Amino acid sequence: MSESGIAVTKPATVLPDPATADNVVYNPSFDELREFSSHLETTTEFGSPAYVSEEQSRNADKTRNAVDHEFDDADYQHFEDAVSYVEDTEMVCLDRQVGRHTDHSYVCRYYVPKEYGRIALAWAKLFEPVHGDREPDFFTVQIPDHEETAIRILPEAGFTAVLGSDYTGEAKKSFLRLFMFYAKQAGGLGLHAGSKRVCLEQDDEGGLETVGQLFLGLSGTGKSTLTAHGLGLEDPEGTGERSSPSSRSQARENATMLQDDVCALLPDGTVAGSEGQGLYIKTIGLEREEQPELYDAATHESAVLENVDVAADGTVDFDSDHHTTNGRAVIQRSCLDSAGEDIDLPDLDQIFFITRNPAMPPVAKLDYDEAAAAFMLGESIQTSAGDPSKAGESIRVVGTNPFIMGSEGEEGNRFRDLIADLDVDCFVLNTGSVGDRDVGVEDTVALLRGISRGTVEWTDDDATGLTVPSAVPDVDVAEFDVAENLDGYEERAATLRAEREAYLAAFEDLSEDIRDAVY
């Protein structure tokens with residue numbers, strides 16, 4: 001603890017009260033926030049604001065938390081700097097609510113300099129206004145112009161200082177990181193995952209069965225696309241068009257997106273959502289033909305664009321990487337036909353780990369220990385949301401979740417115990433290529449549709465040692481045989497297995513059964 005006592009147990013006691021402080025604008029409207037940053041805005045052809053930030057991705061290498069790192073005076077000084085800055089500078093302060101679940105919703109208080117109202121605008125469009133009269137649980141102070149870039153977290157106090165970064169993603173994840181941490185403290189597990197509810201015809205008499213799904217994957221691997229996808233299910237009138245939220249209760253079959261990014265799996269099998277108002281999506285290559293819902297929402301006047309190429313006349317180019325490949329849009333759930341009114345999933349049935357490893361089949365079914373191994377391996381490709389300089393390289397991130405605080409081995413053990421207790425089916429899903437053969441979106445959607453319906457036939461694959469499909473409606477799975485499509489498969493598979501074993505061996509707290517389940 002620093003001498004001034006800012007190893008904060010109650011940030012509200014050291015931060016100015018926004019309701020009475022003369023230098024703080026408290027809970028301004030969206031229009032006011034936009035006006036505060038009008039000097040930074042380019043107005044798009046759709047009437048939405050677009051901004052360009054100095055920092056264009058998260059600073060993972062400059063992020064430290066008091067659980068995994070031993071804080072010294074320099075770390076605590078960052079919190080003192082944040083508090084002093086708020087006291088002496090014109091600030092904006094907003095309160096928003098993360099989550100709706102009775103035991104897992106939190107009031108979040110966010111401070112940022114008034115001239116950076118654009119960050120508050122984007123952040124406020126992700127989370128809902130506070131329900132009822134509640135005091136804040138989590139606090140973040142963001143100071144973009146600080147001379148040093150540093151993100152520091154006091155998890156027990158719920159306090160984050162974001163210094164030297166004007167990237168909206170740092171504001172968003174400062175609260176979601178704590179949401180996940182507190183879920184683990186309560187016996188559950190925070191997950192970097194999208195959640196979905198699929199309603200399917202069960203029999204010829206018109207009975208319906210609901211399947212609850214989670215998709216775990218790093219940003220840019222297709223998590224948002226698959227979570228929002230309607231799976232080609234029929235609309236209530238049989239016209240082939242997507243059903244709206246209001247008509248979904250009458251639909252015979254439908255797929256409903258609940259959450260896009262962060263959830264909390266609880267011991268009773270419910271999945272608590274976090275973001276109730278918006279989504280923070282990647283925009284590079286966004287096309288109406290491939291992702292119609294996301295495209296329409298990103299081109300709606302309610303969106304906020306960040307680091308997207310927008311010409312002086314307002315023309316938007318989602319294909320351009322002029323600023324970065326990590327262009328973003330905050331979009332509203334109300335603009336998505338696939339988004340449900342709920343954000344919590346009552347029951348979980350299936351989990352999908354999204355990878356882009358060419359040595360993996362398009363889908364494989366995993367037992368509990370294999371699923372925990374897949375969780376620990378977190379195999380994917382690096383994206384521009386993490387480290388733009390390494391985009392496209394292979395990467396392993398436990399739980400595909402770069403925001404874990406605490407033992408990662410214990411994270412894997414907790415995951416295995418939860419899915420075993422809840423009897424959840426788990427799969428690894430390759431959305432990239434099998435060798436040189438691309439796995440198209442429609443192939444993946446057909447696989448998901450078959451798994452949801454329970455119409456996939458499975459077999460043991462001698463080459464990979466995994467349980468893979470032998471027959472899937474609408475997919476010729478023989479075309480995706482790994483050994484046939486990957487040159488030098490046996491040698492590459494042996495090398496990959498050795499790498500995986502070495503990687504898992506480094507987690508001392510991880511159960512031996514999970515280590516031995518590596519595939």
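This report describes the nonpolar cores, salt bridges, a helix pair and selected loop residues of a predicted model.

## Nonpolar cores

The largest nonpolar core of the model comprises 41 residues, and within this core Y110, W123 and F179 have the most contacts. At least two residues each are supplied by the helices α1 (30-36), α3 (117-124) and α4 (168-185), and likewise by the strands β5 (91-98), β6 (106-113) and β8 (150-154). Helix α4 provides the largest share, with eight residues.

The surroundings of Y110 illustrate how these elements meet. When residues up to four places away in sequence are not counted, Y110 touches V92, C93, L94, I119, A120, W123, T140, Q142, A171 and F175. A second core, separate from this one, has 39 residues, among them L191, A193, L258 and C426.

## Salt bridges between separate parts of the chain

The structure contains 24 salt bridges. In general, side chains of opposite charge can pair when their charged atoms come close. One such pair is formed by the side chains of E128 and R100, with an N to O distance of 2.8 Å. E128 belongs to the loop between α3 and β7 (138-143), whereas R100 belongs to the loop between β5 and β6; the pair therefore ties together parts that lie 28 residues apart in sequence. The two partners fall into separate accessibility classes. E128 counts as buried because its relative accessibility is 11%, under the limit of 20%. R100, at 29% relative accessibility, counts as partly exposed.

A further salt bridge joins the side chains of R449 and D474, at 3.2 Å from N to O. This pair also links distant parts of the chain: R449 is in helix α9 (residues 441-453), D474 is in the loop between β29 (467-471) and α10 (482-485), and the two are 25 residues apart. R449 is buried, with a relative accessible area of 17%, while D474 is exposed, with a relative accessible area of 64%.

## A salt bridge within a helix, and a network

The side chains of R497 and E501 meet in a salt bridge of 3.3 Å, N to O. Both residues lie in helix α11 (residues 489-505); they are four residues apart, so about one helical turn separates them. R497 is partly exposed, with a relative accessible area of 34%, and E501 also counts as partly exposed, at 39% relative accessibility.

Elsewhere, K172, K173, K223, D261 and E275 are joined into one network by salt bridges that share partners.

## Packing of helices α7 and α8

Helix α7 (residues 368-377) packs with α8 at an angle of about 145 degrees, and their axes are 9 Å apart. The crossing of the two helices is right-handed.

On the α7 side, the contact involves Y368, D369, A371, A372, F375 and M376. These residues meet E408, G409, E411, G412, F415, R416, I419 and A420 of α8. By class, the contact has eight nonpolar, two polar and four charged residues.

## The loop before α8

G399 is located in the loop between β24 (394-396) and α8 (408-422). This glycine is buried, with a relative accessible area of 4%. Leaving aside neighbours within four places in sequence, G399 is in contact with H192, L216 and F375. F375 is also one of the α7 residues that meet α8. The C-alpha atoms of G399 and L266 are separated by 16 Å, and these two residues are 133 residues apart along the chain.

T400 is found in the loop between β24 and α8 as well, and is buried, with a relative accessible area of 4%.

## Positive phi values

Most residues other than glycine have a negative phi. T400 has a positive value, with phi near 45 degrees.

N27 likewise has a positive phi, near 50 degrees, and is a residue other than glycine. N27 is placed in the loop between β1 (24-26) and α1. In contrast to the buried T400, N27 counts as partly exposed, at 35% relative accessibility.

Definitions and conventions:
Residues numbered from 1 in each chain as written. Predicted model: local features only at pLDDT ≥ 70, side-chain atom pairs only at ≥ 80, totals over all residues. Heavy atoms only, no water. Core = buried A, V, L, I, M, F, W, Y, C linked by side-chain atoms within 4.5 Å. Buried < 20%, exposed > 50% of the residue type's maximum accessible area, 1.4 Å probe, protein only. Contact = heavy atoms within 4.5 Å. Salt bridge = Lys/Arg side-chain N within 4 Å of Asp/Glu carboxyl O. Axes fitted to C-alpha atoms, helices over the stretch in contact; angles between N-to-C directions. Left-handed = near helix turned anticlockwise from the far one by under 90°. Nonpolar A, V, L, I, M, F, W, Y, C, P; charged D, E, K, R; others polar.
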